[in-house]
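Reader: I'm new to this one, and I'd like a close look at a single part rather than a full tour. Could you pick the small sheet and walk me through what surrounds it?

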Amino acid sequence: MLIEDSRRSALIAPKTRSFGVERPASESDFMTIGDVSRTYGLSLRALRFYEERGLISPVRRGVTRLYDQKTRARLELILKGKQLGFTLTEIRGMVQEAEDNSGSGELALAPNQVVEQITLLERQRRDLDVAIEELRVTHAKMTGLEGQAPQQDRKS
């Protein structure tokens with residue numbers, strides 16, 4: 001029974017490091033998948049997908065996924081990479097390199113990678129501007145407002 005209890009407590013409270021000293025993690029160091037979903041505005045499906053792809057590895061307690069600070073920091077890097085328009089494959093490499101080398105909490109980006117991504121995003125923005133304009137013209141034709149200046153998006 002003692003062995004079983006120690007195994008169970010190891011699953012519930014894995015050790016974490018604080019100032020180079022290992023200490024047992026408390027339940028408050030973890031967030032459930034629902035908590036992470038709400039905090040980061042992600043669906044449960046997205047979180048499970050990231051886990052399936054090996055991008056994050058939450059601690060498991062039975063069927064419950066528990067996200068420690070390290071996993072949440074990794075998730076934040078993944079989300080930052082997505083915000084910057086990188087693919088998950090690219091993000092995986094950048095996150096791994098960041099963790100291996102600096103541990104700074106920043107994506108590992110090379111200067112040429114930044115320039116290439118800016119070029120890609122600017123091209124996508126031009127394509128989006130063209131698509132938006134075409135849809136405005138189509139909408140104007142459909143509503144009988146053809147010839148009038150299309151309304152601009154007020155969020156710009």
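**The small sheet and its surroundings**

Author: Let's start with one pair: Arg 60 has Arg 65, in strand E5, as its bridge partner. Before going on, a word on the ground rules: this is a predicted model, where local features need pLDDT of at least 70 and side-chain atom pairs count only at pLDDT 80 or more, while totals for chains, interfaces and linings use all residues. Residues are numbered from 1 along each chain as its sequence is written, and side-chain values use heavy atoms, with hydrogens and water left out.

Back to the strands. E4 (residues 59-61) and E5 run antiparallel and are joined by three bridges; two strands pair if DSSP finds at least two bridges between them. Helices (H or I, at least four residues) and strands (E, at least two) are DSSP runs, numbered from the N terminus. Val 59 also has a bridge partner in E5, namely Leu 66. E4 and E5 make a hairpin with two residues between them, and Gly 62 in the turn has a positive phi of about 65°.

On to E3 (residues 31-32), which pairs with E5 in the antiparallel sense over two bridges. Here Thr 32 stands opposite Leu 66 in E5. Put together, that gives an open sheet of three strands in the order E3-E5-E4, with antiparallel pairing. E3 and E4 stand at the edges with a single partner strand each, so one side of each is left without a neighbour in the sheet. As a rule of thumb, in a regular strand the side chains alternate between the two faces of the sheet.

Now back to Arg 60 and Arg 65, and what their side chains do. Glu 51 meets Arg 60 in a salt bridge (3.4 Å, N to O); the term needs a side-chain nitrogen of Lys or Arg within 4 Å of a carboxyl oxygen of Asp or Glu. Glu 51 also forms a salt bridge with Arg 65, where the closest N and O atoms are 2.4 Å apart. That second pair links distant parts of the chain: Glu 51 sits in helix H3 (residues 44-52) and Arg 65 in strand E5 (residues 64-67), 14 residues apart. So you can read Glu 51, Arg 60 and Arg 65 as a network of salt bridges.

How covered are these three? Glu 51 and Arg 65 are both buried, while Arg 60 is partly exposed, with a relative accessible area of 34%. Buried means under 20% relative accessible area, exposed over 50%, and partly exposed in between (1.4 Å probe, protein chains only).

Just before Glu 51 in the sequence comes the one aromatic pair that a search of the whole structure finds. The rings of Phe 49 and Tyr 50 have centres 6.3 Å apart and planes at 55°, so the pair is tilted. Rings of Phe, Tyr and Trp (its six-membered ring) pair if their centres lie within 6.5 Å; planes under 30 degrees apart count as stacked, over 60 as edge-to-face and the rest as tilted. Phe 49 is partly exposed at 35% relative accessibility, whereas Tyr 50 is buried at 4%.

Tyr 50 brings us to the largest nonpolar core: of its 19 residues, Leu 47, Tyr 50, Ile 56, Leu 75, Ile 78 and Ile 91 touch the most other members. H2, H3, helix H4 (69-83) and helix H5 (88-102) each supply at least two residues of this core. A nonpolar core is a set of buried Ala, Val, Leu, Ile, Met, Phe, Trp, Tyr and Cys residues joined through side-chain atoms within 4.5 Å.

Ile 56 is a handy place to see how this ties together. Leaving aside neighbours within four places in sequence, Ile 56 is in contact (heavy atoms within 4.5 Å) with Leu 47, Tyr 50, Glu 51, Tyr 67, Thr 71, Arg 74, Leu 75 and Ile 78.

One more stop, helix H2 (residues 33-40): Arg 38 and Asp 35 both lie there, three residues apart, about one turn of the helix. They form a salt bridge, with the closest N and O atoms 2.8 Å apart. Arg 38 is exposed at 62% relative accessibility, and Asp 35 is partly exposed at 29%. Ser 37, also in H2, is buried, with a relative accessible area of 13%. Setting aside neighbours within four places in sequence, Ser 37 is in contact with Leu 42, Ser 43, Leu 44 and Leu 47.
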